[in-house]
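Take a look at this protein chain. Some short questions follow it.

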Amino acid sequence: MSDLIQLLPDNIANQIAAGEVIQRPASVVKEIVENAIDAGATSIEVNIKDAGKTLIQIVDNGNGMSPADAELCFERHATSKVRAAADLFSLATKGFRGEALASIAAISHVQLNTREVNNDLGTSITIEGSNIKEKIEAVCAQGTSFEVKNLFYNVPARRNFLKSDKVEFGHISDEFERVALAHPEIHFILQHNENELYNLRSTTLRKRIIDVLGKKTSDRLVPIEESTDIVDLKGFVLKPEFSKKTRGEQFFFVNNRFFKSAYFNHALNKAFEGLLKERTFPSFFLYLSVDPKRIDVNVHPTKTEIKFEEDKFIYSILLSSVRQALGKYNIAPTLDFEREMGFDIPHEMRSQSPIEPTIQVNEGYNPFQTTSRTTSNSTGKKSTNFSKAVVDKGFGSKEAKQEDWDNFYSIDEKNEVSEQTNLVHESDEDKGTQFIVKGNYILSPSKSGLMVIHARRAIEQIVYTDTINSFISSPITSQSLLFPIEKEVSKKECLNWNNNASILKQLGFHGTIENDTLSISAVPGVLEEETLSATLEDILETIGHKDIEKGDLAHNLVAAIARSAGMKQLNLNTDEAVESLVNRLFQCENHMFTPTNKKIIDTISIETIETKFK
Ligand code: ADP
Ligand code: MG
């Protein structure tokens, strides 16, 4: 028997390690940019082609490498940053594992050009799949330039696993933003397919945040500052009224390194408690300085999770200083709690009633059909007469709508009242016996009890259904604005807008971008002036989601349009208006829930009512 165990050849070991460190083009960007920062660069330029699948080039003006180091840096565990095990516990630089470059070189074609300040000539190295193809003296600028081409060329599984350019570039720009926010003193440039997306000159922290997130951020920032023996804290939170529906703008840094922490997030949520709109998250940019000996960055290969020795203490510092800052800037009283509560009663409050009302509504109920129930079929396509009319006409213009309503009222009259129609309009006497509570809740007696309809949500669902139906058949009619609305947007928002221009246009949004300003000249006809600005915010946020399928995006965008319709002034002043709303709601295939699954109709059962009088 011969010995079976062999040491893995270096290139294979590197390829295996690469799987851990380099998951996608964005990981390459992160590692090489961090190296440039460690090398003392004051200017770093990132050029990307095809979301990094074709080329990732990073040029820095840092210290550069000697000819020997230029070759050595591709060896595994080659690092200038950790000399002894003890160094691991007091890390002030970003790198320490000495495996990033070895990993990258194992799975791509790399061209390195580097020159130290005191040398006239630099070194140029070409390396493919860990094999050095060429090493020559070369004329080059001081600093270091890495070109990484054909990433994962020899790991087809990985390469096939990469997402669309849009998604992969989204990850790159996330990494870029994190590192740019961590180092406002460094000049950063990001180009994609020859378009310059960011050109961030060296500046203050506040200005850097504004440069990255857009000018609109400027008057939304509340400064945070606290100094203790264990931790120094500085940074900003966004005023609560600008909180986001997604967790996009939440940044923690420790010693200028981005990290994620569910535990510290909790502290922030607590600090903002009672100040946030329903289902929104606070935005923050918080920078901790901690003695490097008291943190462990080694817990995660890509280093976004970090262990803190004094995490409980830091939690309480975060909580108290953010609370104090929010109080000091006197933000809390400007929030209009009345409106928020009336608008959308939180779930916790609803469940406080002594006996939970039960839903006793026939979900397939359609007041305009008698015996045969063909409200929906398995394909989800509408098959009611009304919806058919809507789809055929494209349902864009107001006239079309009116005609359709007339149409369906006449159907109503022709139809006999069926067994199923036991909720509203049981007989002529019942018509108009609806009451409006708090300008929003339509109460209507029915055989099984008292039906309650959330009017705003009903409108939301109606607009959603109309818009989707229209969207299926033809572009939505858009309405030109007399004066285009202008909105300052961040680089990322520009990018997202341009990437989704065609779907936005189909939905009726016409906009152009110039100098970080989005100028909107037309919007979907259903939108109202008063809610436009909020809707645009909503739309920008919706298209900012990265990992979203096309169909879901359309759904989310239409849901945002519908939400806006639900926000406008309600008119339930006449019986006709109420009736028309209720009728239109029941025309929707799904009239029980809004596009985001909020309850529209509930019934308080006779039994529930009776128990109250026992
Ligand atoms: P680590 O950053 O963990 O040390 P890397 O594989 O990322 O490991 O880099 C290996 C070494 O190559 C670094 O320790 C550093 O000495 C050198 N190096 C890498 N990039 C640069 C750069 N842009 N400028 C100067 N030296 C660099
Ligand atoms: Mg490194």
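The questions below deal with helices and one charged residue.

This is a predicted model, where local features need pLDDT of at least 70, side-chain atom pairs count only at pLDDT 80 or more, and totals for chains, interfaces and linings use all residues. Residues are numbered from 1 along each chain as its sequence is written, chains are lettered from A and ligands numbered from 1 in the order in which they are written, and side-chain values use heavy atoms, leaving out hydrogens and water.

Q: How far apart are the end C-alpha atoms of helix H9 (residues 311-328)?
A: Helices are DSSP runs of H or I with at least four residues, numbered from the N terminus. The expected span is 1.5 Å times one less than the number of residues. For the 18 residues of H9 that gives 26 Å, which agrees with the distance in the model, 25 Å.

Q: Which side chain of opposite charge is nearest to Glu-541?
A: Glu-541 lies in helix H17 (residues 532-543). Glu-541 is buried (under 20% relative accessible area, 1.4 Å probe, protein chains only). Glu-541 has no salt bridge (a side-chain nitrogen of Lys or Arg within 4 Å of a carboxyl oxygen of Asp or Glu). The nearest side chain of opposite charge is 4.4 Å away and belongs to Lys-244.

Q: Which backbone nitrogen lies 2.7 Å from a polar atom of the Glu-541 side chain?
A: Leaving aside neighbours within four places in sequence, Glu-541 is in contact (heavy atoms within 4.5 Å) with Lys-244, Lys-245 and Thr-246. The backbone nitrogen at 2.7 Å is that of Lys-245.

Q: What arc do the buried residues of helix H15 (residues 491-499) cover around the axis?
A: Glu-493, Cys-494, Asn-496 and Trp-497 are buried in H15. They lie on the same side of H15, because their arc around the axis (taken from the directions to the C-beta atoms) is only 165 degrees.

Conventions: Helices (H or I, at least four residues) and strands (E, at least two) are DSSP runs, numbered from the N terminus. Buried means under 20% relative accessible area, exposed over 50%, partly exposed in between (1.4 Å probe, protein chains only). Lys and Arg count as positive and Asp and Glu as negative; His and the chain ends are not counted. A polar contact is a pair of N or O atoms within 3.5 Å; within protein, one must be able to donate a hydrogen and the other to accept it, and residues adjacent in sequence count only if both atoms are side-chain atoms.
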